[in-house]
Structures are given as structure tokens and as C-alpha cells.
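Colleague: Could you walk me through this model and tell me how each label is earned?

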Amino acid sequence: MFEAFGQALIRSPLFQGIRNEDLSSLVKCLLPKRLDCRRGDYIIMAGDALDSIGVVVTGKAAVIKEKVTGERMVMTILEPGDLFGEMVAFAEEQPRWPATVQAQDDSTVLFIPRERIAGTCGENCPWHQILIRNMLRIVSERALVLNQKVNYLSIKSLRRRICVFLLDHYKKKGQTTLKLPLNRNEMADFLSVARPALSRELGRMREDGLIDYHLSTFRILNIDALQRYAE
């Protein structure tokens, strides 16, 4: 299994600090279950029992939250190496996953039982303490991301919301050309705005010389103006 998905696992924050040559043995110890999905398949549904942590190893998946009105909101896009389920897997005896995860491409996911991460095994593997530290760091970082999502939704002006969103990606990448992991529909869902309204505002921002874009690639043309709108 490691031979097939080694590169994705090496990139995963769950395995940070573990040597490549040790990772193959660790994966065997964790006893992951493999799930192969086609584009559009549901990997897990909101309300399903979840006692494992999912790791996307090929393809791409979206974490989706449905509002009471039936509208879908994309919480995040998962790429190879990304995790899901870590926020609830250790919460209680039979935690329920609060969102839906849907494959955006043909994808493969590995589900790692929570007890294999938090516990120890009979082989006295030296990596479990590293896994636990990594998991604590990941959960803390996820909490910060969720707080950021709340910040986006609290911004009433659509232009300001877009500017803050693009500036956040600019700060992460350190460059003005951004390849976002979201298509236009997913970006609209993530920002909780109708797709036509998002497209209109992006068009106005391009006319105003703030940005240029093609598909999911954005180029910030006037960083100072974006920062003023974001204030």
C-alpha cells in the first residue's frame, strides 16, 4: 500500500517528522482501510458514524455542509495528503461526522482507525508519540481555519470578502499569482455567495484593475488596493 500512495502519505501533516524509510512499516501498523471512489461519489455522509480518520491519497474531495435551506457550502477542498474527520474522531464513543465529503475527481481514501493513532501497538513502534503530537497540531490548525471561515462569513461586503480571501492565499503563497484549489462553483460555495453574484463582482474587480484571472488561477494586479478594500 505504501508503494502505491507513498508520495501522498509523505506530504500528509499526520506523518511529519517520520522518516521515509520508516513510513512503510508505520502504515502497516496503522491497518488502514482503502476506499476507491469515482467522481461525484459520496465518501462519507453527514450524520454517519466515524471512528476513523480519512487521508486522501489520490484525486480531490470537497467537505460540504448543507444549510437548513438546502444550500450547499463548501468548507474546504481536500487534496492528496489532506485529512478529514480528525476534528470529531476522538470526541466521544460514537462520533458523528457533521459534514459530507464528496469526491471531485476519481479518488482513493485511506481510513485509519482512531485507536491505531492514539494508542500503542504490540510491536512497540516508536512513531506513535510523533503521530499524537502531529494530531494535536493538526486539530489546533483546523480550529484556526474554521475561525477564518467564520470571519469570511461575517463580512457583509462581497468585494471585501473576496479581497480578504485572496489576500489570505497571497500571504500563504508569498506570490501574487495564485492557483486556487477551487473552481468557480466551489469558490462561491466556500464564500457562501451565489455563483452569478461572485462572477459579476470578479468581473468588476478585473475592470477596476485589481485582479486578473483565468479559471482557478488569479493574479493580483494591485495589492495595495486589495488591502484597502480588505480593511
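Modeller: Happy to. Leu215 lies in the loop between strand 10 (211-214) and strand 11 (217-220). Please keep in mind that this is a predicted model.

Colleague: Why is Leu215 called exposed?

Modeller: Exposed means over 50% relative accessible area. Leu215 has a relative accessible area of 61%, so Leu215 counts as exposed.

Colleague: What makes the phi of Leu215 worth a remark?

Modeller: Its sign. Most residues other than glycine have a negative phi. Leu215 is not a glycine, yet its phi is positive, about 55°.

Colleague: Which residue just after helix 2 takes a positive phi?

Modeller: That is Leu31, with a phi of about 50°. Leu31 is a residue other than glycine, and its place is in the loop between helix 2 (20-30) and strand 1 (33-37). Helix 2 itself has the buried residues Asp22, Leu23, Ser24, Leu26, Val27, Cys29 and Leu30.

Colleague: Back to strands 10 and 11, then. What makes strand 9 and strand 10 edge strands?

Modeller: The order of the sheet is the place to start. Three strands form an open sheet, 9-11-10, with antiparallel pairing. Strand 9 (177-179) and strand 10 each pair on one side only, and that makes them the edge strands. On average, neighbouring strands of this sheet are turned by 20° against each other, direction ignored.

Colleague: How do you know that strand 9 and strand 11 pair?

Modeller: Pairing asks for at least two bridges between the strands. Strand 9 and strand 11 have three bridges, in the antiparallel sense, so they pass. As one example, the bridge partner of Lys179 is Thr217 in strand 11.

Colleague: And the sheet of four strands, why is one side of strand 2 and of strand 5 left without a neighbour?

Modeller: That sheet is open, in the order 2-7-4-5, and its pairing is antiparallel. Strand 2 (42-44) and strand 5 stand at the edges with a single partner strand each, so one side of each has no neighbour in the sheet. Here the average turn between neighbouring strands is 35°, direction ignored.

Colleague: What makes strand 4 and strand 5 a pair?

Modeller: Six bridges join them, and they run antiparallel. At least two bridges are needed, so the pair qualifies. Glu66, for instance, has Arg72 in strand 5 as its bridge partner.

Colleague: Let's turn to strand 3. What makes you call strand 3 mostly covered?

Modeller: The count of buried residues: six of the seven in strand 3 (residues 52-58) are buried. Val57 is found in strand 3 and makes a good test case. Buried means under 20% relative accessible area; Val57 is at 5%, so Val57 counts as buried.

Colleague: How far from Val57 is Gly203?

Modeller: Their C-alpha atoms are separated by 35 Å, and the two residues are 146 residues apart along the chain.

Colleague: Which strands pair with strand 3, and how do you know?

Modeller: Strand 8 (residues 107-113) is one of them: six bridges join it to strand 3, and the two run antiparallel. Ser52 stands opposite Pro113 in strand 8. Strand 6 is another, also antiparallel, over two bridges. The cut-off is at least two bridges, so strand 6 meets it too. There, Gly54 stands opposite Phe84 in strand 6.

Colleague: Now the pockets. How much space lies in the largest pocket, and what lines it?

Modeller: About 1,200 Å³ of space lies in the largest pocket. It is lined by 35 residues, and the closest to its centre are Met75, Thr76, Ile77, Arg142 and Val145. Helix 4 gives the most to that lining, with eight residues.

Colleague: How do the residues of that lining divide by class, and which domains do they come from?

Modeller: They divide into 21 nonpolar, four polar and ten charged residues. Domain 1 (5-147) and domain 2 (155-230) each supply at least three residues of that lining.

Colleague: And what about the second largest pocket?

Modeller: That one holds about 190 Å³ of space. Its lining has 14 residues, with Leu182, Asn183, Arg184, Glu186 and Ser216 the closest to its centre. By class, the lining has four nonpolar, three polar and seven charged residues. At least three residues come from each of domain 1 and domain 2 here.

How values were computed:
Residues are numbered from 1 along each chain as its sequence is written. This is a predicted model: local features need pLDDT of at least 70, side-chain atom pairs count only at pLDDT 80 or more; totals for chains, interfaces and linings use all residues. Side-chain values use heavy atoms; hydrogens and water are left out. On a 1 Å grid over the protein atoms alone, a cavity is a set of points where a 1.4 Å probe fits but cannot get out, and a pocket is an open set with protein on both sides within 12 Å along at least five of seven lines; lining residues have an atom within 4 Å of a point. Grid points are joined across faces, edges and corners, and a volume is the space filled by probe spheres set on the points. Ala, Val, Leu, Ile, Met, Phe, Trp, Tyr, Cys and Pro count as nonpolar, Asp, Glu, Lys and Arg as charged, and the others, Gly among them, as polar. Domain bounds come from an automatic or database domain assignment. Buried means under 20% relative accessible area, exposed over 50%, partly exposed in between (1.4 Å probe, protein chains only). Axes are lines fitted to C-alpha atoms, for helices over the stretch in contact, and angles run from 0 to 180 degrees between N-to-C directions.
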